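Q: Pick one helix and give me a close look at it, please. I'd like to know what it packs against and what sits around it, plus a few other spots worth checking on screen.

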Amino acid sequence: MLDTVARAARQYGFSLALHLSGDFSHLTPHMVPYLREPVFGLDAMRCLRRGRMVLDSRTPVFLSDRHGYPIEDISENDNCSMRLFEATGCGSLVLALDGVSRWFEWEKEIVPYKDPDDLVKRIRHFIANPEERDRIASAGQNRCLTEYNMKRNAEKFMDIAEKRLNKPAIKPRPYEVVAPNEPKSFNPNTMFQEIISNSYLKKMGWFSSYHRQAIVDDDGAPLPWLSYPAVNLLEERAPYGCTVFEYGCGSSTLWWAKRAKRVVVVEHNEQWFNTMKSQFPDHVRPVLQRLEPGGDYSKTVAMIKNIKFDIIVIDGRDRVNCAYNSLSSLSPSGVIVFDNTDRLEYMPGRQFIKDAGFKELRLTGLASMVLNVGSCTSIFYRDDNCLGI
């Protein structure tokens, strides 16, 4: 968005100040001439007051599970930052992404934009129509100062507090932990030996994977590099004779090849592609694609017109764009297996699939070769799916 505005500022000659802070790794060359020092506190308020127009964006508000992994954006596209109130309070015209309409009235107190190109059109319109700009900015400032001031907020808070205080507090009942067996003395050496000799990790092949530095089970057979709970479920439920598309090739491709009648897999790393290609049976079709964000790699599944896949595995690169391109290639009973959905950067892809009517089954646990952190694999499914969920 800022890159598009910076290009427009140079093309149309309007002034622009980008008071940015933090990670500048994604700064584009067009933004550099407009970069200004970061401002905070009163300096930020003065900066907002000087701006004829202020750009406002939004960030998601995540609900997390007990492991701290993000589950969903609970703001439901209606969240906003404090900048919205600071900017309107300072009397600037706010150009905001859709989604904060319950705080201000669109077109009368703040102005919405849908995408970067629409934002540029709005900026140019209000540069050419300063009286309209000032009228909307004044209305937004009046709304902010009258409805969202400290006195009103304190009154609302006191109303909530008084309602709560009038209710008698319910004392929680203490829990009594009952041990089924006699407690054991803590002996790290004994515990470690038990873990190595006879354990879930050994059965699932964690030690074999760590030793070989390959994704395998305890017998050395290939496994998908997913969370172990997801591997267990797929091993039990993935139907033989299914069709599978996979982003990223490896041990999982060999595992799928044992039960699928057809597997198509796309890989971006040419060296790894050539290493794995010789191991694939005839019914596995490997595809090598150059990796570019939103490019042909993520679109490979959509390019295959004659197959609808029962299972699409998103476990390679550019995963959000892979999610955007996968749904049209899924069979009516098809499911999507999306790995590492505990990572915040994959939230837009997850949300896109859920918005399309899919339910999400989150399977959290250990994965091959990884011990210091858990991993979450999500299975997205609809009714009457091929896994019988």
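A: Let's fix one bit of vocabulary before looking: a residue is called exposed when its relative accessible area is over 50%, buried when that is under 20%, and partly exposed in between. Keep in mind that this is a predicted model. Asp-384 shows the exposed end of the scale, because its relative accessible area is 72%.

Now for the close look. The helix to click on is α3, residues 82–89. Start with its inside-facing residues: Leu-84, Phe-85, Ala-87 and Thr-88 are buried. These four cover an arc of only 165° around the axis, so they sit on the same side of α3. There's a simple bit of helix geometry worth having in mind: an α-helix has 3.6 residues a turn, so residues three or four places apart point the same way.

What do those buried residues lean on? Their partners are two helices, α2 (41–50) and α5, together with two strands, β3 (53–56) and β6 (93–97).

Of these partners, α5 is the one to zoom in on. A pair of packed helices is described by the angle between their axes and the distance between the axes. Here, α3 and α5 (residues 130–147) pack at about 115°, and their axes are 7 Å apart. With that angle, α3 is therefore roughly perpendicular to α5, a label that takes in angles from 65 to 115 degrees. The handedness of this crossing is left-handed. On the α3 side, the contact is made by Phe-85, Thr-88 and Gly-89, while α5 brings Gly-140, Gln-141, Cys-144 and Leu-145. Sort the residues of this α3–α5 contact by type and you get 3 nonpolar, 4 polar and no charged. Phe-85 and Thr-88 turn up twice in this story, since they are buried and also take part in the contact with α5.

Next, the two ends of the helix. Ahead of α3, Ser-81 sits in the loop that comes between β5 (70–73) and α3. Ser-81 counts as partly exposed because its relative accessible area is 27%. Leaving out residues up to four places away in sequence, Ser-81 touches Asp-56 and Ser-57. If you want a sense of distance, the C-alpha atoms of Ser-81 and Pro-188 are 49 Å apart, with the two positions 107 residues apart along the chain. After α3 comes Gly-91, and its phi is positive, near 95°.

Positive phi also shows up at residues that aren't glycine. Met-369, in the loop between β13 (359–367) and β14 (370–381), has a phi near 70°. Met-369 counts as partly exposed because its relative accessibility is 21%. Asp-384 is another one, with phi at about 55°, and it lies in the segment after β14.

For a second helix pair to set beside the α3 one, go to α13 (residues 296–303) and α14 (residues 319–326), which pack at about 20° with axes 8 Å apart. These two are therefore roughly parallel to each other, and their crossing is right-handed. Tyr-297, Ser-298, Lys-299, Val-301 and Ala-302 of α13 meet Asn-321, Cys-322, Asn-325 and Ser-326 of α14. By type, the α13–α14 contact has 4 nonpolar, 4 polar and 1 charged.

Conventions: Residues are numbered from 1 along each chain as its sequence is written. This is a predicted model: local features need pLDDT of at least 70, side-chain atom pairs count only at pLDDT 80 or more; totals for chains, interfaces and linings use all residues. Side-chain values use heavy atoms; hydrogens and water are left out. Axes are lines fitted to C-alpha atoms, for helices over the stretch in contact, and angles run from 0 to 180 degrees between N-to-C directions. Angles under 35 degrees count as roughly parallel, over 145 as roughly antiparallel, 65 to 115 as roughly perpendicular and the rest as oblique. A crossing is left-handed if the near helix is turned anticlockwise from the far one by less than a right angle, and right-handed if clockwise. Contact means heavy atoms within 4.5 Å. Ala, Val, Leu, Ile, Met, Phe, Trp, Tyr, Cys and Pro count as nonpolar, Asp, Glu, Lys and Arg as charged, and the others, Gly among them, as polar. Buried means under 20% relative accessible area, exposed over 50%, partly exposed in between (1.4 Å probe, protein chains only). The arc is that of the directions from the helix axis to the C-beta atoms.
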